[in-house]
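Work through the exercises below with the sequence and the structure open beside you. Try each task before reading its solution.

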Amino acid sequence: MAAVTRLFRSSSYVSLIRRSLSTAPESASASSESAQVRSQSNSPPRVDPKDRNIQWVFLGCPGVGKGTYASRLSTLLGVPHIATGDLVREELSSSTPLSKQLKEIVNQGKLVSDEIIINLLSKRLEAGETNGESGFILDGFPRTVRQAEILDDVTHIDLAVNLKLPENVLLEKCLGRRICDQCGKNFNVASINVKGENGNPAIKMAPLLPPPHCASKLITRSDDTEAIVKERFRVYNDKSQPVEEFYRARGKLIEFDLPGGIPESWPKLLEALNLDDYEDRQSAAA
């Protein structure tokens with residue numbers, strides 16, 4: 001824990017975002033072709049990311065795509081994407097006493113304890129400090145108000161991005177996840193096409209199919225059964241949704257409704273974060 005405090009306190013992370021958050025305008029209508037940024041949310045000012053440090057957290061129900069979009073933003077902004085899920089999976093692949101404890105927790109669909117997560121995160125941040133990292137995008141942490149309070153004690157979180165999808169879409173998406181047993185890459189065989197009704201927009205997500213050499217090697221994660229996925233949703237609703245209120249009360253929350261898959265959602269997310277012109281400049285300079 002001392003490593004976490006030392007890293008955060010010693011870094012000059014007081015960003016322009018936190019000093020000048022502006023209220024995002026409310027969407028005029030629930031269009032099926034665009035994602036909504038909720039009216040109580042805040043958007044970062046349009047400042048060149050290279051002139052500011054980034055300290056963001058990504059929130060959202062399991063399977064919503066936190067890792068996908070956090071990773072893309074990490075590449076775009078040049079800051080590390082730290083996913084506690086990856087930290088847990090790395091530990092699970094080891095043969096330590098902690099890995100045995102984690103396997104029982106994960107297979108039951110329960111949240112990993114604060115103490116274990118903070119221990120893993122502390123080691124990761126200490127390694128980042130050694131390598132000269134500056135800024136971060138956290139994915140999967142904090143998951144409880146207690147974790148958010150601990151994080152708030154040691155650093156300034158500039159922005160909490162809360163990704164949203166209807167639960168029926170999330171369930172179908174989670175049950176469609178597959179992993180190549182040989183290369184370890186992630187795919188999704190679900191083809192989602194939800195019609196817009198009762199004021200809710202339509203949602204379309206094309207499957208992310210594997211290349212031919214991976215097709216015969218696909219496996220399903222042991223915790224991606226319907227019962228376990230629904231249990232993860234229940235645990236999230238009980239323990240993690242209060243984290244949204246934690247950041248909302250501090251004026252740091254953006255709630256972003258995903259309108260579909262990556263092609264539909266990525267440009268809208270950049271627009272909500274005032275980064276759409278930045279990606280254009282990066283592409284032009286490449």
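**Exercise 1.** In this predicted model, find out which residues of helix α5 (residues 97-107) are buried, and where they lie when seen down the axis of α5.

Solution.
- Step 1. A residue counts as buried when its relative accessible area is under 20%. In α5, Leu98, Ser99, Leu102 and Ile105 are buried.
- Step 2. Seen down the axis of α5, these buried residues fall within an arc of 120°, so they line one face of the helix.
- Step 3. Turn to the other side of α5: Pro97, Lys100 and Glu104 are exposed there.
- Step 4. Look for what covers the buried residues of α5: the cover includes α4 and α6 (114-130).
- Step 5. Follow the chain past the helix. Glycine 109 comes after α5 and has a positive phi, near 75°.

**Exercise 2.** Determine the order of the strands in the open sheet of five strands, and say which strands stand at the edges.

Solution.
- Step 1. The strands follow one another across the sheet as β4-β5-β3-β6-β12, with parallel pairing.
- Step 2. β4 (81-83) and β12 (253-257) each have a single partner strand, so one side of each is left without a neighbour in the sheet. These two strands are therefore the edges.
- Step 3. Neighbouring strands of this sheet are turned against each other by 20° on average, direction ignored.
- Step 4. Take one pair as an example. Five bridges join β6 (residues 159-164) to β12 in the parallel sense, and asparagine 162 stands opposite glutamate 255 of β12.
- Step 5. Add a helix to the picture: α4 (residues 84-92) lies across β4 and β5 (136-139), at about 60° to β4.

**Exercise 3.** Work out how the three strands of the antiparallel open sheet are arranged.

Solution.
- Step 1. The order is β8-β7-β11.
- Step 2. β8 and β11 have a single partner strand each, so each has one side without a neighbour in the sheet and stands at an edge.
- Step 3. Between β7 (residues 177-180) and β8 (residues 186-188) there are three bridges. Here isoleucine 179 stands opposite asparagine 186 of β8.
- Step 4. The hairpin of β7 and β8 has five residues between the strands, and glycine 184 in this hairpin takes a positive phi near 85°.
- Step 5. Two bridges join β7 to β11 (residues 218-219), where cysteine 180 stands opposite leucine 218.

**Exercise 4.** Decide how many disulfides the model has, and state whether cysteine 183 and cysteine 214 are buried, partly exposed or exposed.

Solution.
- Step 1. Two cysteine sulfur atoms must lie within 2.5 Å to count as a disulfide.
- Step 2. For cysteine 183 the nearest cysteine sulfur belongs to cysteine 180, at 3.5 Å, and cysteine 183 is in no disulfide.
- Step 3. For cysteine 214 the nearest cysteine sulfur is also that of cysteine 180, here 3.6 Å away, and cysteine 214 is in no disulfide.
- Step 4. The count of disulfides is zero.
- Step 5. Cysteine 183 has a relative accessible area of 42% and is partly exposed. Cysteine 214, at 2%, is buried.

**Exercise 5.** Describe the largest nonpolar core and name the element that gives the largest share of its residues.

Solution.
- Step 1. This core holds 36 residues, of which Trp56, Leu73, Ile137, Leu163, Leu269 and Leu273 touch the most other members.
- Step 2. Elements that give two or more residues to the core include β3 (55-59), α3 (66-77), β6, α10 (226-249) and β12.
- Step 3. The largest share comes from α3, with five residues.
- Step 4. Follow one member. Leaving out residues up to four places away in sequence, leucine 269 touches Tyr69, Leu73, Val161, Leu163 and Phe256.
- Step 5. There is also a second, separate core of 27 residues, with Val57, Leu102, Leu138 and Leu253 among them.

**Exercise 6.** State how many helices and strands the protein chain has, and what percentage of its residues is buried.

Solution.
- Step 1. The chain has twelve helices and twelve strands.
- Step 2. Of its 286 residues, 45% are buried.
- Step 3. Among contacts between residues at least 6 apart in sequence, 73% join residues at least 24 apart.

How values were computed. Residues numbered from 1 in each chain as written. Predicted model: local features only at pLDDT ≥ 70, side-chain atom pairs only at ≥ 80, totals over all residues. Heavy atoms only, no water. Pairing = 2+ DSSP bridges. Helix = DSSP H or I, 4+ residues; strand = E, 2+ residues; numbered from the N terminus. Axes fitted to C-alpha atoms, helices over the stretch in contact; angles between N-to-C directions. Contact = heavy atoms within 4.5 Å. Buried < 20%, exposed > 50% of the residue type's maximum accessible area, 1.4 Å probe, protein only. Arc of directions from axis to C-beta. Core = buried A, V, L, I, M, F, W, Y, C linked by side-chain atoms within 4.5 Å.
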